[in-house]
Amino acid sequence: METPLPKAPQKRQVTAIIIVLILLILWEVDGMTIKYSVLEERESGSYVANLAKDLGLGLGELEARDARILSKGNQQYLQLEKSGNLILKEKLDREELCSDTDPCILHFQVLLKSPVHFIQGELQLLDINDHAPEFLENEILLKISESSHPGTAFPLKIAQDLDVGSNTVQNYTISTNSYFHLFTLNHSDGRRYPELVLDKALDREEQSELRLTLTALDGGSPPRTGTSQVLVVVLDINDNAPEFAQLLYEVQVPENSPVGSLVITVFATDLDAGTYGELSYSFFQSSNQVIQAFEINAVTGEIRLKKPLDFEEIRSYRLEIEASDGGGLSGKCTIAIEVMDVNDNAPELTMSVLISDIPENTPDTVVAIFGISDPDSGENGKMMCTIQDHLPFFLKLTVENFYTLVTERALDRESQAEHNITITVTDLGTPRLKTQHNITVTVSDVNDNAPAFSQTTYTLRVRENNSPALHIGSVSATDRDSGANAQVTYSLLPPADPQLPLASLVSINADNGQLFALRSLDYEALQAFEFGVRAADRGSPALSSQARVRVLVLDDNDNAPFVLYPPQNGSAPCTELVPRAAEAGYLVTKVVAVDGDSGQNAWLSYQLLKATEPGLFGVWAHNGEVRMARLLSERDAVKHRLVVLVKDNGEPPRSASVTLHVLLVDGFSQPYLPLPEVAAAEARADPLTVYLVVALASVSSLFLFSVLVFVAVRLCRRSRAASAGRCSGPEGHFPGHLVDVSGTGTLSQSYQYEVCLRGGSGTSEFKFLKPIFPNFVGEAAGRDAEENSNFTNNFGFT
């Protein structure tokens with residue numbers, strides 16, 4: 001850029017422009033320095049340079065990389081616009097910022113992010129001639145002896161000009177007179193000191209004093225001036241001037257010295273006597289800084305502190321001390337005071353970037369960018385920066401005294417959701433001073449944890465016949481994440497068995513995992529079923545887990561026993577035949593029943609509820625067998641009606657009853673006698689039908705009897721000799737209601753019946769239905785003979 005300068009001679013202006021251009025062109029990035037210059041006292045918002053162009057970046061790249069201007073401490077002199085222009089944030093006064101330091105350089109840094117990039121910068125404030133030379137005293141008193149020889153030089157006090165370079169004091173002039181001319185002396189520190197040179201001898205009697213005007217001119221364009229009156233008093237002869245023991249005193253003063261501390265005592269001697277030998281000490285050629293910081297005792301020459309010293313502001317002072325005698329002669333010496341640094345400034349930390357919310361599972365994330373500084377020098381200004389141990393963070397030095405706080409590894413919010421970091425900056429002085437800065441970093445949640453069920457398998461028990469919408473249990477899953485990532489919703493998984501109507505059996509509350517039975521369950525239809533439950537969070541992407549739920553339907557005593565035998569749906573009751581010869585324990589029949597329930601609800605017990613003759617029959621409680629309780633007697637009725645109660649073991653118990661009809665017969669050949677109920681029913685039938693049935697039965701019986709007699713006679717005649725004493729069994733079977741061949745029907749034992757046609761001496765004997773009792777073989781033989789004889793007699797066979 002070109003910095004506009006005030007009008008000046010063409011040669012000087014061209015030279016200045018070339019220098020400015022060279023300073024602006026020579027900048028480098030990342031370790032080098034970009035340099036700009038600007039005139040002081042420019043208005044706020046004045047254009048300095050186009051930073052984007054100088055850095056070779058596009059128009060939007062500075063904003064995209066969040067470019068910032070960082071300065072030491074919190075003072076910002078420059079401001080970066082979105083257009084990339086670098087402008088002044090405020091009006092800058094070179095004298096205020098740099099005092100008499102030349103050149104006046106203000107350091108700054110350009111911070112670019114993504115990636116992090118630092119660029120050092122310097123802004124040089126160019127001085128303008130905005131201050132006129134100024135004498136500290138409006139009148140300068142010179143006492144000159146009349147014996148002074150021409151050519152003697154008398155130093156005058158210099159003028160102060162806050163500007164630097166060519167804008168500071170360049171020349172002095174004295175008003176026209178016949179006794180003095182002015183000579184300007186160039187000092188080693190660059191200052192110009194005026195001296196009044198005597199051109200001809202003074203004559204006190206002719207003129208006792210002279211008043212001259214001293215003018216100081218600076219090198220600005222146009223130049224500024226300052227004046228002071230010089231009063232020359234002509235004295236009598238005083239031929240000895242005061243002399244100091246040494247012309248230069250060097251002293252070191254710690255900056256923490258208290259006010260009033262003795263810095264040094266100067267001493268001068270004068271060989272004259274009287275008033276010419278009395279000395280007084282004062283500051284000579286001293287700046288405002290010296291006068292404000294020190295005071296001198298005019299009598300003793302002691303120099304003491306007037307205010308506290310600050311090494312960081314001014315590191316050295318140069319005092320000119322004058323000893324004057326009563327005759328107007330003086331001697332001078334110089335005191336060089338070096339301010340010794342003391343570690344009285346703690347390090348400073350300036351935070352530039354702070355990101356307090358860091359997502360978990362993201363390593364190498366920049367948390368903060370900050371700079372440190374210490375205005376002390378030497379070891380007192382050296383610093384080290386640390387954070388606590390065992391933290392997942394580390395400090396990385398980017399450029400000088402600028403650090404970046406970076407995550408060392410991926411953070412886990414579930415392990416620790418918040419980190420308190422203390423950045424400690426310690427200098428190396430004695431004693432060591434430190435500054436601490438606390439940062440709280442919050443770890444934001446990432447959906448990295450799936451919901452976890454409290455159990456992998458849940459077993460729920462539901463009693464059958466439940467009411468619909470019954471709460472049967474719950475599943476529970478937790479998610480270690482937070483916020484929406486930890487909000488769990490529940491759903492049912494499709495059943496493994498496609499035949500299972502899961503949608504009509506159970507439902508689940510999506511918010512709390514409660515399970516409900518949608519309809520009444522029936523143990524006899526469905527004893528258990530199994531399904532899967534899924535728990536999913538609301539993260540993105542959503543994570544889920546599964547658990548198995550097994551529902552066991554508990555049996556309820558909701559089914560009464562059902563009698564299988566004797567059947568209950570027949571139109572006519574089933575009649576059991578019992579021979580009168582049956583003994584106690586004889587199996588009459590067996591009641592067979594089942595219960596649709598399970599467990600103790602299906603344990604059946606039997607008991608005789610009602611009987612025609614109590615005590616004649618008994619029912620076994622566990623198997624339903626109906627047995628004779630005693631032997632039959634002649635007084636016992638022929639027909640018996642038994643009511644058997646079948647009861648389960650449920651709570652409350654359920655029962656069913658069955659009616660048995662038992663008919664006592666002398667033998668199985670005795671005609672069947674219908675029960676009174678059947679007879680009554682037949683009696684109520686149509687008389688014509690009864691007559692027809694009776695007639696048909698009579699004719700059929702007669703025909704059958706004739707055939708049997710004929711066959712029997714023919715067989716007996718043909719094989720009378722061969723078949724003597726031998727029986728032959730007839731082919732075919734007797735009706736089922738007379739014979740039990742399985743042992744599970746009306747009789748528990750198998751019976752064998754024989755029909756024997758025995759041939760003898762021309763007579764035939766019909767032996768009919770001989771039962772064989774295997775358990776009573778010996779007794780049965782005699783009983784058979786008696787029964788057969790009775791049977792033959794009863795039916796009239798001879």
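## Exercises on loops, cysteines and charged pairs

Asn361 counts as partly exposed, because its relative accessibility is 37% (buried is under 20% relative accessible area, exposed is over 50%, and partly exposed lies in between, with a 1.4 Å probe and protein chains only). The model is predicted, so local features need pLDDT of at least 70 and side-chain atom pairs count only at pLDDT 80 or more, while totals for chains, interfaces and linings use all residues. Residues are numbered from 1 along each chain as its sequence is written, and side-chain values use heavy atoms, with hydrogens and water left out.

**Exercise 1. Find where Asn361 lies and state the sign of its phi.**

Step 1. Asn361 belongs to the loop between β27 (357-359) and β28 (366-373). Strands (E, at least two residues) and helices (H or I, at least four) are DSSP runs, numbered from the N terminus.

Step 2. The phi of Asn361 is positive, about 65°, although the residue is not a glycine.

Step 3. Asp364 is in the loop between β27 and β28 as well. Its phi is also positive, at about 55°, and Asp364 is not a glycine either.

Step 4. Asp364 is classed as exposed because its relative accessible area is 56%. For background, most residues other than glycine have a negative phi, and most peptide bonds are trans.

**Exercise 2. Decide whether the bonds from Ser221 to Pro222 and from Glu651 to Pro652 are cis or trans.**

Step 1. Between Ser221 and Pro222 the peptide bond is cis, with omega near 0°. Pro222 sits in the loop between β15 (209-218) and β16 (225-235).

Step 2. Between Glu651 and Pro652 the peptide bond is cis, again with omega near 0°. The loop that holds Pro652 runs between β50 (639-647) and β51 (655-665).

**Exercise 3. Give the C-alpha separation of Leu217 and Gln170, then that of Asn559 and Val594.**

Step 1. Leu217 is part of strand β15. Its relative accessible area is 24%, which means that it is partly exposed.

Step 2. Leu217 and Gln170 are 47 residues apart in sequence, and their C-alpha atoms are 5.9 Å apart.

Step 3. Asn559 is in the loop between β42 (544-554) and β43 (562-565). At 24% relative accessibility, Asn559 is therefore partly exposed.

Step 4. Asn559 and Val594 are 35 residues apart along the chain, with 9.9 Å between their C-alpha atoms.

**Exercise 4. Which cysteines form a disulfide, and what is its handedness?**

Step 1. A search of the whole structure finds one disulfide, defined as a pair of cysteine sulfur atoms within 2.5 Å.

Step 2. Cys98 and Cys104 form the bond, with their sulfur atoms 1.8 Å apart.

Step 3. The angle about the S-S bond is 60°, and the link of Cys98 and Cys104 is right-handed. Both cysteines, Cys98 and Cys104, are buried.

Step 4. Take two further cysteines. Cys333 is buried because its relative accessible area is 1%. Cys385, with 12%, is therefore buried too.

**Exercise 5. State how many salt bridges the structure holds, then describe the pairs made by Arg413, Asp511 and Arg627.**

Step 1. There are 17 salt bridges in the structure, each a side-chain nitrogen of Lys or Arg within 4 Å of a carboxyl oxygen of Asp or Glu.

Step 2. Arg413 meets Asp445, at 3.0 Å from N to O. This pair links distant parts of the chain, 32 residues apart: Arg413 is in the loop between β31 (402-407) and β32 (418-427), and Asp445 in the loop between β33 (434-444) and β34 (452-453). Arg413 and Asp445 are both buried.

Step 3. Asp511 pairs with Arg538, the closest N and O atoms being 4.0 Å apart. Here too distant parts of the chain are linked, 27 residues apart: Asp511 is in the loop between β39 (506-508) and β40 (514-517), and Arg538 in the loop between β41 (528-537) and β42. Asp511 counts as exposed because its relative accessibility is 57%, whereas Arg538, at 46%, counts as partly exposed.

Step 4. Arg627 pairs with Glu625, with 2.8 Å between the closest N and O atoms. Arg627 and Glu625 are both buried.

Step 5. Asp66, Arg68 and Lys113 are joined into one network by salt bridges that share partners.
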